[in-house]
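I opened my notebook to look at how the ligand sits in this model and what lies in the core. Here is what I looked up, entry by entry.

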Amino acid sequence: MKAKEEWIEVATDALTKAYVPYSHFPVGACLVTKQGKVYQGLNIENASYGLANCAERTAFFKAVSEGERGFSHLVVAGNTPEPISPCGACRQVMAEFCPPDMPVTLVGKNGVTKEMTVGELLPYSFTDKDFD
Ligand code: THU
């Protein structure tokens with residue numbers, strides 16, 4: 001199986017583990033490091049709704065808290081008719097840790113996919129270069 005297919009499986013598998021008792025909208029993520037290590041993420045909700053943590057940010061925070069800094073690919077999966085669209089907060093976190101040309105594979109129901117980059121998802125982003 002090709003690497004990307006495996007990453008899509010990791011992201012899709014996360015849909016079954018998402019903690020979504022309020023929205024019933026599971027999201028899964030697979031974040032791949034430059035060394036090829038994979039971090040799985042899923043959304044985690046709370047009775048205090050605003051505390052929900054998205055799948056993408058779960059994956060980033062797992063990886064970064066283990067010392068990872070360099071990433072090469074992100075897959076995001078949802079049970080959506082079209083490939084899922086990451087929220088703005090997660091796009092900002094991607095822009096913090098990933099180069100603009102890093103590929104992001106968005107996956108929907110029945111395996112429909114859309115290939116984008118971090119820069120396409122958040123053009124003209126706010127970064128550390130904005131406060132030199
Ligand atoms: N969600 C994600 O996990 N990632 C996104 O990019 C979009 C939104 C989650 C947050 C919440 O648990 C549910 O989807 C509905 O908004």
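Entry one, the ligand shell. I am working from a predicted model, and I began by listing the residues around the ligand: Ser23, Phe25, Val27, Asn43, Glu45, Cys54, Ala55, Glu56, Pro86 and Cys87. Sorting that shell by character, I got six nonpolar, two polar and two charged residues.

Entry two, polar contacts. Which atoms come within 2.5 Å of a ligand oxygen? I found an N or O atom in the side chain of Glu45 at that distance. For Glu56, a side-chain N or O atom is 2.6 Å from a ligand oxygen. With Cys87, I noted that the backbone supplies the N or O atom, 2.9 Å from an oxygen of the ligand. I then checked cover: on its own the ligand has 380 Å² of accessible area, and the protein covers 79% of this.

Entry three, the core. The largest nonpolar core holds 23 residues, and those touching the most other members are Leu31, Phe60, Phe71, Leu74, Val76, Met94 and Val104. Next I asked which elements give two or more residues to this core. They are strands E1 (27-33), E3 (71-78) and E4 (103-107), along with helices H2 (55-65), H3 (88-97) and H4 (118-121). H2 gives the most, five residues. I jotted a reminder that in soluble globular proteins nonpolar side chains tend to be buried together.

Entry four, the record. An unreviewed UniProt entry lists residues 2-129 as "domain: CMP/dCMP-type deaminase". For that span I got 29% helix and 23% strand, with the end C-alpha atoms 36 Å apart.

Definitions and conventions:
Residues numbered from 1 in each chain as written. Predicted model: local features only at pLDDT ≥ 70, side-chain atom pairs only at ≥ 80, totals over all residues. Heavy atoms only, no water. UniProt positions renumbered as here; feature names shortened; annotations may be inferred. Helix = DSSP H or I, 4+ residues; strand = E, 2+ residues; numbered from the N terminus. Near = heavy atom within 4 Å. Polar contact = N/O pair within 3.5 Å; in protein donor to acceptor, adjacent residues only side chain to side chain. Areas by Shrake-Rupley, 256 points an atom, 1.4 Å probe, with all protein chains shown as cover. Nonpolar A, V, L, I, M, F, W, Y, C, P; charged D, E, K, R; others polar. Core = buried A, V, L, I, M, F, W, Y, C linked by side-chain atoms within 4.5 Å. Buried < 20%, exposed > 50% of the residue type's maximum accessible area, 1.4 Å probe, protein only.
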